[in-house]
Amino acid sequence: MKDFLSRSFRNRLFAAFLVVSLVPLLICSALLLQTFRLRLTNDVNAEAREHLDTVSRVMDALYDDFARAAALAENPLIAAALAGDGAEGTQVYNVLFDATEGLRGYARFDLYDAGGRWRYSTQTAPEDTLLPTSWGVLYSASPSGGFLTFVAAEDVTVTQSPLLQGAVLIAGRDGETAGYLLISMYQNGFRQLLDGKYGAQNDLILLNRYWRPVYCAQPSLAASLAPRLRLQLLDGQPLNGASEDFLYSVAYHPPTGLYIILQKPQVFTRGTMNILYAVSLSSALICILFSILMSLQLSRQMFYPIKKLHRAIGEVANNNLDAYVPHNRKDELGQLADRFNGMMVALKHNQEQLVENQQELNAAQIRMLQAQLNPHFLCNTLDTMKWISKINKVPQVALMSTNLADILRFCISPDEFVPLYREVEILQRYMEIQNIRLSDAFAFQLILPIELESCLVPKMILQPIVENAILHGLEGVGNGGVKVEASQPQPGLLQITIADNGRGLPAEMVGRYGDRNRDSCRGHLGLYNIDTILRKHYGAGFGLYLSNRKDGPGAVVTATLPMRVEEDALC
Amino acid sequence: MPKKRPCALLALLASGVMLLTGCRSVSSGDGGAAFAPDESCRLVVYTSHKREVYWPIIKEFEERTGIWVEIVEGGTNEILNRIAREAGSPAADVMFGGGVESLESYKDCFTPYRCSEADSIQPRYRAPDDLWIPFSSLPVVLIYNAKLIDPGQVTGWADLFDARFRGKIAFADPGKSGSGFTGLVTLLEAVEGNQEDVLRAFADALANRQLDSSGLVLTTVAEGSNLVGVTLEETALQRIAAGDDIVLIYPDDGTSCVPDGNALVKGAAHKDNAQLFLDFTVSHDVQQMLAERFYRRSVRADVEPAANLAVQEDILLIDYDVAWASRNHDSILTSWIFCLGAEGTP
């Protein structure tokens, strides 16, 4: 169960739906069923009690009538007639008919003498005119004036025979038995008395005090039902166990010693119960079905967007900032997708902004570097100085100021990239100045193949390197020389080497310039700037490479940059 | 999800289902239980009698004593087997009915009781050890079809061996019918000769044919498919009273008068009531009623047989040893089956 629930969210949803739908359904069904059953059973019991009371009242009245009729046993005329002293038959009949007035429709009244011989009757003579006095009803005859005792017939299914008989002893003058008054009830009598008193759907059974059948509204019940009821009673089982289809109610009628049993059709028959159970079961099944469908539907609704979101996040992880989660929902999941999409837009914008900023920063840096060499007014001043020196015939000052002015003009020009020949030209101006300054202390050699002349390079990248070689490499060196050579080591690549024959580089400076940290380059700001400019423009793969010459003393600075010609018009 | 929750869920569902189904027994109508009689007012009677015999007696007993009687009915052997099976905790209090030979064979299941009416019972019917109490005397008689046989042609057992009747004798299988067995033993006692020879001769007279039940003896004789039959007086008289055209004779070479009886079951739960019942079965009233209504010959000395019954003195009785018959029940039957199957052999 736990595994089942923890395996998937869908299972948990299903279980939750199942509980939420099934539990109230079961409780409702059970409560309804019980209420219904209790209510109906109470009604049925009340109705049964009412019927039983009615029948009891009828029986009471009957017993009272019989008891009144039995009073004729005390009539001396009757005793005398039965003793055979010659009383008139009509007198006896008169007494008999008077006493049984109104009862003869229900019962038969016979007078037997002391030997059990039949003598008088309210009806025609019986088949058997001799009854044993030591057996059966005459044996059980109660003394006159006492309670009437009734005896059931041996076989109540023989409806022509009396079903219930009661006998009263008729005492003679001296107290001896003169005869018997026999009261016999037949099937018809019971029917007349009881029909319509116990409900049309019900059946009535009268049992004697030992629960043997006396009268059954349906004679067949005497053999089928009565023994079962008796067995239930003796086994201490509820009477309702005798049949699944009926309910039984009992009342005892003390005067006659009879038990009145009412058989009512079962309110909740097996069929009814089956229908109710089937309905409950079907509802439960429908609940289960709905739970499954709902959990499937809901989980699909939840999982589909979550799956899309999951896929989009995967794309982001793979650096695709164009990931987008399409949806058309307005619920929480829709909002989540919106947030995600919004987040992606913001992220992308931020990154673009970042790149743009970086580029702007780079440009600013480059511009600032260039600005450091851009004092405008110096050019004009230098031009003025050139003319004054020419007037005053100081040719060296004129040359120097001309060269310096060219260099400065070159510096303040707006072009960031210049053809290599221009760069080299300015380098030559610079070298002329240095030659005058240092009194031709070193040689300058330039090798520029003609096909490389028009290659575009960032302006003013050679001068700081050469200046660095003169200031640091050739200081104090006699016959110093600087050689600048442009070459194409492989297609698309331009390499410019500046070699000197000076003291060479200390070992810690040899290698790629860009690999060291900035602080260690503090003394070589020129080299640092050039390297930064190259890398910013062309990427990290380009820049300066510092080494010592293999063929003698001196350092070599190699600048590597992509080959671009003027027509490319990169900038 | 906490571990307990599924259990709680299941419990909830289970209680729901129980609510739905579990209250069937709440329904009313068990009011009868209050009327159930006390144990001291009960009696369980196992009977092999037919309903027409036991029912009036039981009913009268209930009316007179106020004791509730539970009746279990069945064939003699079936009922006795059941009593033997239940010997550990007997359900029965009284065995009512069954030939005394049968009761004798199950003597371990019964306990002796000398009934209050013992002195009124004819001594020859009484059990020497009071293990059973005789109920009615049942002489073995011969019957013949009054239309097909002239009076005087059948007078005793010896006549059965006459060639005229060969294959026309109605006789119930003694292995199945108690009266058949009593008839066979009576025949052995009444007819002179070695037991084996008599059995073989009788088997030959039957032409190897016997009937499945004692009832068929009366039926086949009455309808003429058999000419003579061996049965009990009481059964024959009832059929005669019912109008069958058959004649009953008491064999002039002697017959038996073996009673059926009742016995007190050993370890009976309602022993006092059982004794009351046993007393009642041999009371004058019951015996009188038996004689008048069922043509049964009373075991009491003071009850005269019905008017149409021969007086006891007119019946020639052989010496029938119940104990011997009971002891040799199986061996006699084995011999009989052997003889019956050996028909035609020299």
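Student: Let's start with a pairing: in strand 7 of chain A, which residue is the bridge partner of A:Leu207?

Tutor: Happy to begin there, and do keep in mind that this is a predicted model. Strand 6 (residues 203–207) of chain A runs antiparallel to strand 7 of chain A, and three bridges join them. Across that pairing, the bridge partner of A:Leu207 in strand 7 of chain A is A:Pro213.

Student: What is the strand order of the open sheet of four strands in chain A?

Tutor: This open sheet has antiparallel pairing. Its edge strands are strand 7 (213–216) and strand 8 (246–253) of chain A, each of which pairs on one side only. Neighbouring strands are turned by 20° against each other on average, direction ignored. Read across the sheet, the order is 7-6-9-8.

Student: Which helix of chain A packs on that sheet?

Tutor: Look for the helix that touches strand 6, strand 8 and strand 9 (258–265) of chain A. Its direction makes about 145° with that of strand 9 of chain A. The helix you want is helix 2 (residues 9–70) of chain A.

Student: How many residues does helix 2 of chain A give to the largest nonpolar core?

Tutor: That core holds 162 residues, and A:Leu181, B:Val94, B:Met95 and B:Val228 touch the most other members. Helix 2 of chain A gives the most to this core, and its share is nine residues.

Student: Which residues does A:Leu181 touch, leaving out those up to four places away in sequence?

Tutor: A:Leu181 falls within strand 5 (residues 177–185) of chain A. Its contacts beyond four places in sequence include A:Ala167, A:Val168 and A:Ile170. The others in the list are A:Ala70, A:Leu72, A:Ala73, A:Phe109 and A:Leu111.

Student: How many residues are in the second, separate core?

Tutor: Among its members are A:Val418 and A:Leu456. A:Ile470 and A:Leu527 belong to this core too, and its size is 46 residues.

Student: Now the open sheet of five strands: why is one side of strand 2 and of strand 3 of chain A left without a neighbour in the sheet?

Tutor: The strand order is 2-1-5-4-3, with antiparallel pairing. Strand 2 and strand 3 (150–152) of chain A stand at the edges, so one side of each has no neighbour in the sheet. From one strand to the next the twist averages 30°. The reason you asked for is that each edge strand has a single partner strand.

Student: Within this sheet, how many bridges pair strand 4 and strand 5 of chain A?

Tutor: Strand 4 (residues 164–171) and strand 5 (residues 177–185) of chain A pair in the antiparallel sense. One facing pair to find on your screen is A:Ala171 opposite A:Thr177. Counted along the pairing, there are eight bridges.

Student: Which residue in the turn between strand 1 and strand 2 of chain A has a positive phi?

Tutor: Strand 1 (residues 107–113) and strand 2 (residues 118–121) of chain A pair in the antiparallel sense over three bridges. A:Tyr112 has A:Trp118 as its bridge partner. The two strands form a hairpin with four residues between them, and the turn residue with a phi of about 85° is A:Gly116.

Student: Is A:Pro126 buried, exposed or partly exposed, and what makes it so?

Tutor: A:Pro126 sits in the loop between strand 2 and helix 5 (136–139) of chain A. Leaving out residues up to four places away in sequence, A:Pro126 touches A:Asp110 and A:Trp118. Because A:Pro126 has 17 C-beta neighbours inside 10 Å, and burial takes 20 or more while exposure takes 12 or fewer, A:Pro126 is partly exposed.

Student: A:Lys393 and A:Met460 both have positive phi; which of them is buried and which exposed?

Tutor: A:Lys393, with phi near 60°, lies in the loop between helix 11 (376–391) and helix 12 (395–412) of chain A. A:Met460, with phi of about 65°, lies in the loop between strand 12 (456–458) and helix 14 (462–473) of chain A. A:Met460 has 23 other C-beta atoms within 10 Å, whereas A:Lys393 has 8 C-beta neighbours inside 10 Å. The buried residue is therefore A:Met460, and the exposed one is A:Lys393.

Student: Finally, where in chain A is confidence highest?

Tutor: The mean pLDDT of chain A is 84, and 95% of its residues reach 70 or more. Confidence is lowest in helix 1 (residues 2–7) of chain A, at a mean of 73. At 92, the highest value belongs to strand 14 (residues 493–500) of chain A.

How values were computed
Residues are numbered from 1 along each chain as its sequence is written. Chains are lettered from A and ligands numbered from 1 in the order in which they are written. This is a predicted model: local features need pLDDT of at least 70, side-chain atom pairs count only at pLDDT 80 or more; totals for chains, interfaces and linings use all residues. pLDDT is the predictor's confidence in each residue, from 0 to 100. Two strands pair if DSSP finds at least two bridges between them. Two residues are in contact if their C-beta atoms, placed from the backbone, lie within 7 Å. Axes are lines fitted to C-alpha atoms, for helices over the stretch in contact, and angles run from 0 to 180 degrees between N-to-C directions. A nonpolar core is a set of buried Ala, Val, Leu, Ile, Met, Phe, Trp, Tyr and Cys residues joined through C-beta atoms within 7 Å.
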